[in-house]
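Good morning, and thank you for making time for this item. Please have the sequence and the structure open while I speak.

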Amino acid sequence: ETIRLDRISTTGRDRFYDRFVLVDRSGDPLGHGRYADRFDGLNAPLHPIPWPTSIKGLQDISNWKDAADLGVAHITLNMVITQLIRGQKETAGISDEFCYTVDGISYVFDEGHVRKYDQDIKSATELGINTVAIILCTARGRSAQDNPMIHPLTDTEGSPTGVVAANTTTAEAERRYRAVMGFLGRRYSREDKRYGLIGGYIIGNEVQSHWFWHNLGEQPPSVVIRQYADQVRLSYCALREHHHEPKVFISLDHHWASFHKENAKKAMTGRELLDGLASDIRERGDLPWNVAWHPYPENLFKPAFWNDRTAWHAFDTPRITFKNIEVLPNYLNREALLYRGNRRSVILSEQGFHAREGEEGERLQAAAYAASFVQISAIEGVDAYILHRYVDHRGEGGLNLGLRRVGDDRLPAEKRLIFDVFKAAGTAQQADVFRFALPIVGIDNWSKMLPKPGPFPDTRESQTSSPRK
C-alpha cells in the first residue's frame, strides 16, 4: 500500500526534511525512522556545474594571474557560516537577494560577507577554476555560547582552534542551517553564473579529530557521528533543492586506524568515523556523500612521505598518507560504503609539504610534490588534489608550505622551487621538470611511484607483499 502526503504540512513545515516511521495500531514503531532517500521528484535545475578533468588545485591563492599561469583547476574557499547569517528577518526594507525563507520564516544574510565570497567565486569561475567550499562554524569564548548556530555541547572556551560543530538540535537550529545551505545553493548554482559557481561543499573539517576541528566538547564517537550525519544530511538536502547533483564531501585528516592525541573523547579513528557515518546515514536513508581526505606526511615537518613508517598497504594502517593513499579508494569499494552500487569519489582537499630553510629544503619540498602528483594522477577515483598552500602562513606553527615564501607589506612573496614544479604538473613539460626529483625520492623512474593495485588485506600481518620503499 502506498501512502501519499503533501510535501508542505498544514503548519508550513517542509516534509522533505522529516523522518518517517511506521507504527502499529497501538502506536509502537515498526523499525526505525527513515528520511527521504529518493530525490527524483524534486524540481531542481538540471544544468551542469562543470568539474575540471585536471586534478591540480591550490589553496588560499590570492593572485588570479598566478592562478591562470599555474594552470590551477581547483581552489578551496573557507565559508564561515556563523558570520554569514544574521538572524530572522524582523523589519521590512531588506533586499530579497540577501534573505532566504525556510518553513515560512525568512533569514537575513550579511551583505558584506556575501559580496566578498561573490568576488572570489566569480573570479575563479571566469577562469574556469572549480571552487570547493569548506563549510565552517567558528566560536571563541563564553560569549559564543549564545550563538544559535553553535552546537550546545561545544566547549567554546576550551576549543583549541575555535572551529566547532553546527547546531542541528532544535527546529529553529535546523531551519537556520537549512537557510544557510539553501542560500548558498541558490546563489552559487545558477545557470547564468551571475555570482560564480561552487562545484562542491566540504562539510566541516577533519571531523575525526573533533575536539580540535569540530568541537562538541568531550564526547564519545557515537555522539559525534550522529551530529555529523545530521549536518551532512541537511547540507545535501538543502543544496539538492537548487541543483540536481550537488557534490557534498565529508572531511577527514590522515589518521586511519589511529587517532590524534589518543583521547577517546576528543578524537576517533578515521575508519571509525567513515564506517559509523556510512551506517548511520544508510539506515536512516542513504545519500550520495563523498570523501575529502588530507594525506599529509606522518610528520608534517618531514615531507619525504615515502619514508613514512605508519602508512602501509593494509586496512589496519595507522595513517593514510601519500605513501599508501590508494588504500582509501580501495576501502571505499566495500559494499557497505557504496552508494547504489557505485564507489564514492575522493578529493584531496588539504595537504602540503614543508620546506626547511635553504636550497636542500626547497628541493625536498618540490620533489615531494612531484612524486605525489605522479602517484595521484594514476589513481582512479581521486577527482582533485588541492595543495596547501599558495603562500606560507605565519600562524601554522613554523610550517613553510607555500609555493611562495611569506612576504611582508613591502616585498612580494618570493617564489620557491616548488612554484615551477607545480606549474609543470599535468603539462607537456612535466617529465623534464620532474626529473630532478627521482634521485631525491630514491628511484630511477616514476613507474616505481605508481599506486599498488590492491585488493589490500585487513591486517598488515596477512600482507604478502612489502610496502613500497
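I shall go through selected strands, some side-chain arrangements and a few points of unusual backbone geometry. Please keep in mind that this is a predicted model.

Let me begin with the open sheet of three strands, whose order is S3-S5-S4 and whose pairing is antiparallel. Strand S3, residues 85-88, and strand S4, residues 99-102, are at the edges; each has a single partner strand, so one side of each lacks a neighbour in the sheet. On average, neighbouring strands here are turned by 30° against each other, direction ignored. S4 and strand S5, residues 105-109, are antiparallel and joined by four bridges. Within that pairing, threonine 101 is placed opposite serine 106 of S5. Lying across S3, S4 and S5 is helix H4, residues 171-188, which runs at about 130° to S4.

I turn now to the parallel pairings. Strand S6, residues 130-138, is joined to S8 by five bridges, and the two run parallel. Alanine 133 is found opposite tyrosine 201 in S8. S8 itself spans residues 198-203 and is mostly covered, with six of its six residues buried.

S8 also pairs with strand S9, residues 248-252, in the parallel sense, over three bridges. Two positions can be picked out in this pairing: tyrosine 201 stands opposite valine 248, and isoleucine 203 stands opposite isoleucine 250. Tyrosine 201 therefore deserves a second look on your screens, as it faces alanine 133 and also valine 248. 

How enclosed is S9? Five of its five residues are buried, so S9 is largely enclosed by the rest of the structure. In a regular strand, side chains alternate between the two faces of the sheet. For S9, Val248, Ile250 and Leu252 are buried on one side, and Phe249 and Ser251 are buried on the other. S9 pairs with S10 as well, in the parallel sense and over five bridges. There, serine 251 has alanine 292 of S10 as its bridge partner.

Next, the aromatic residues. The count of aromatic pairs comes to 19. In one of them, the ring centres of phenylalanine 16 and tyrosine 17 are 5.1 Å apart and the planes stand at 65°, so this pair is edge-to-face. Both phenylalanine 16 and tyrosine 17 are buried. The ring of tyrosine 17 also has the charged end of arginine 178 over it, 3.7 Å from the ring centre. A second arrangement of this kind involves lysine 266, whose charged end sits over the ring of tryptophan 211 at 4.4 Å from its centre. Elsewhere, one aromatic cluster is formed by Phe305, Trp306, Phe322, Phe353, Tyr369, Phe373, Tyr385, Phe422, Phe434 and Trp446.

Two individual residues follow. Threonine 317 belongs to the loop between strand S10, residues 289-293, and helix H8, residues 327-331. Is threonine 317 buried or exposed? Its relative accessibility is 0%, so threonine 317 counts as buried. Its side chain reaches the backbone oxygen of arginine 319 at 2.7 Å. Leaving aside residues up to four places away in sequence, threonine 317 touches Trp256, Ala257, Thr310, Ala311, Trp312 and Asn324.

The other is serine 123, in helix H3, residues 111-126. With the same sequence exclusion, serine 123 touches Trp64 and Asp118. Serine 123 and leucine 197 are 74 residues apart in sequence, and their C-alpha atoms are 9.9 Å apart in space.

I come finally to the backbone. Which residues are joined by cis peptide bonds? One such bond joins histidine 388 and arginine 389, with omega at about 20°. Arginine 389 is in the loop between strand S12, residues 382-387, and helix H10, residues 417-424. Another joins glycine 454 and proline 455, with omega at about 0°; proline 455 is in the segment after helix H12, residues 437-441.

Positive phi values also call for comment. Glutamate 206, although not a glycine, has a positive phi of about 45°. It is placed in the loop between S8 and helix H5, residues 210-213, and at 10% relative accessibility it counts as buried. Arginine 340, likewise a residue other than glycine, has a positive phi near 50°. Arginine 340 is in the loop between H8 and strand S11, residues 346-351. With a relative accessibility of 48%, arginine 340 counts as partly exposed.

That concludes my presentation, and I welcome your questions.

Notes:
Residues numbered from 1 in each chain as written. Predicted model: local features only at pLDDT ≥ 70, side-chain atom pairs only at ≥ 80, totals over all residues. Heavy atoms only, no water. Pairing = 2+ DSSP bridges. Axes fitted to C-alpha atoms, helices over the stretch in contact; angles between N-to-C directions. Contact = heavy atoms within 4.5 Å. Buried < 20%, exposed > 50% of the residue type's maximum accessible area, 1.4 Å probe, protein only. Polar contact = N/O pair within 3.5 Å; in protein donor to acceptor, adjacent residues only side chain to side chain. Phe/Tyr/Trp six-rings, centres within 6.5 Å; stacked < 30°, edge-to-face > 60°. Lys NZ or Arg CZ within 6 Å of the ring centre and 35° of its normal.
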